[in-house]
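Hi,

Here is the structure I promised to pass on. Have a look at it first, and then read my notes below.

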Amino acid sequence: MTDECVTRNYDYGVLNSNGAARGKELGNRGSIIADDNTDAKGCTPESVVVGGANATAASASPLPANKFVARMPVERYASEYNMNHKQRGLALIFNHEHFDIPSLKSRTGTNVDAQELKKALDSLGFTVSVHKDCKLRDILKHIEKAAEQDHTDNDCLAVAILSHGEHGYLYAKDTQYKLDNIWHYFTASFCPSLAGKPKMFFIQACQGDRLDGGITLEKSVTETDGESSMSYKIPIHADFLFSYSTIPGYFSWRNINNGSWYMQSLIRELNTNGKKYDMLTLLTFVNQRVALDFESNVPATPMMDRQKQIPCLTSMLTRILRFGDKPKGNKAG
């Protein structure tokens, strides 16, 4: 049994989210200034109200027009994502076992996670690529290449990162980086063919060095037994899902033979219920598996022994995400 956590910061040239990687994005946009006097009005298909209650036609300055336009993959108020495109979509797995940073131990057992996750995603119809022990520049090359592709005929995108981490950072082979350096490439302004489509990120890494000792629940003796418009605008950051192996500030556990607790649970749910439950329900049961079925076994180090773990997720999904069997006669769009 081993942990994924890094408890110290390293000055290895952190890629600043306001640096070169985002310079192109920010440099091509005008400044939009908002203040507390601006009255936020609900958008309707007919009009958008700009300015406060006291604004006049003479004094109000129109906001710059948003020129980003993408194809509508599903009706405006559809309850579920359109998962009937020709292809399921790309899945990228970044598997980190060995590191150039001397203080980072090898992640024994991670190859089991990568192999089994690839099989699970293959069975759901993804086109899967596995990238081993990449330096940050190589990760960004793979991400840029994926973002530049035409995803018109794809349902969605999946990215999995298996690595060491600490609160706010993940580790490539050579340096640390923030997750937003990766996922911002798939926002609607950068990758319009994925606009309105789900983009899923699965992160197996520590988010800190704290431990969860858990609590024992006992049954109470008194307890009773029982059993749209033609067009519409969306935020460029909509339709992302981030599933983390642990909560911020805490360890994430990995078995050197069987792989990480979180990945074991995710893979089992994808294989068993991947086409039965919607994604948020499926991830709820991933949480259940990790919370109930795993406990650390490190008797030689009492502080690390009999510890628990709980995954967490951040969802910006706007519809139900459900993997079904691909119907015959798929067509693009």
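Which loop does Asp-133 lie in? Asp-133 belongs to the loop between strand E3 (126-132) and helix H3 (136-148). Before I go further, please keep in mind that this is a predicted model.

I picked Asp-133 as a way in on account of its backbone: its phi is near 50°, a positive value in a residue other than glycine. Asp-133 has a relative accessible area of 16%, and because anything under 20% is called buried, it goes into the buried group.

There is another aspartate to look at alongside it. Asp-239 also has a positive phi, this time near 75°, and again the residue is not a glycine. You will find Asp-239 in the loop between strand E8 (199-204) and strand E9 (240-244). With a relative accessibility of 2%, Asp-239 counts as buried too.

Now for the helices. Let me start with H5 (residues 261-273) and H6 (residues 279-293), whose axes come within 9 Å and cross at roughly 135°. The two helices are therefore oblique to each other, and their crossing is right-handed. On the H5 side, the residues that meet H6 are Trp-261, Tyr-262, Ser-265, Leu-266, Arg-268, Glu-269, Leu-270 and Asn-273. On the H6 side, they are Leu-282, Leu-283, Phe-285, Val-286, Arg-289 and Val-290. Sorted by class, this contact has 9 nonpolar, 2 polar and 3 charged residues.

H5 has another partner, H2. The axes of H2 and H5 are 9 Å apart, and the helices pack at an angle of about 20°. That angle is under 35 degrees, so H2 is roughly parallel to H5. Here the crossing is left-handed. From H2, the contact takes in Asp-113, Glu-116, Leu-117, Ala-120, Leu-121 and Ser-123. From H5, it takes in Met-263, Gln-264, Leu-266, Ile-267, Leu-270 and Asn-271. Those residues divide into 7 nonpolar, 3 polar and 2 charged. If you want to link the two contacts, look at Leu-266 and Leu-270 in H5: both residues meet H6, and both meet H2 as well.

While you are at H2 (residues 110-123), take a look at Thr-110, which is found in that helix. Thr-110 has 0% relative accessibility and therefore counts as buried. Its side chain makes a polar contact with the side chain of Arg-107, at 2.7 Å. Setting aside residues up to four places away in sequence, Thr-110 touches Asn-95, His-96, Glu-97, Leu-162 and Arg-254.

Next comes Trp-183, in helix H4 (residues 180-183). Is Trp-183 buried or exposed? At 15% relative accessibility, Trp-183 counts as buried. Apart from neighbours within four places in sequence, Trp-183 is in contact with Phe-201, His-237, Phe-240 and Phe-242. Some of these take you back to the strands: Phe-201 falls in the range of E8 (199-204), while Phe-240 and Phe-242 fall in that of E9 (240-244). The C-alpha atoms of Trp-183 and Ile-143 are separated by 8.5 Å, although the two residues are 40 residues apart along the chain.

Last on my list is Ala-188, in the loop between H4 and E8. Its relative accessibility is 16%, so Ala-188 counts as buried. How far apart are Ala-188 and Ala-70 in space, C-alpha to C-alpha? They are 7.9 Å apart, with their positions 118 residues apart in sequence. Not counting residues up to four places away in sequence, Ala-188 touches Ala-195 and Ile-236.

That's what I have for now.

Cheers

Technical notes: Residues are numbered from 1 along each chain as its sequence is written. This is a predicted model: local features need pLDDT of at least 70, side-chain atom pairs count only at pLDDT 80 or more; totals for chains, interfaces and linings use all residues. Side-chain values use heavy atoms; hydrogens and water are left out. Axes are lines fitted to C-alpha atoms, for helices over the stretch in contact, and angles run from 0 to 180 degrees between N-to-C directions. Helices (H or I, at least four residues) and strands (E, at least two) are DSSP runs, numbered from the N terminus. Angles under 35 degrees count as roughly parallel, over 145 as roughly antiparallel, 65 to 115 as roughly perpendicular and the rest as oblique. A crossing is left-handed if the near helix is turned anticlockwise from the far one by less than a right angle, and right-handed if clockwise. Contact means heavy atoms within 4.5 Å. Ala, Val, Leu, Ile, Met, Phe, Trp, Tyr, Cys and Pro count as nonpolar, Asp, Glu, Lys and Arg as charged, and the others, Gly among them, as polar. Buried means under 20% relative accessible area, exposed over 50%, partly exposed in between (1.4 Å probe, protein chains only). A polar contact is a pair of N or O atoms within 3.5 Å; within protein, one must be able to donate a hydrogen and the other to accept it, and residues adjacent in sequence count only if both atoms are side-chain atoms.
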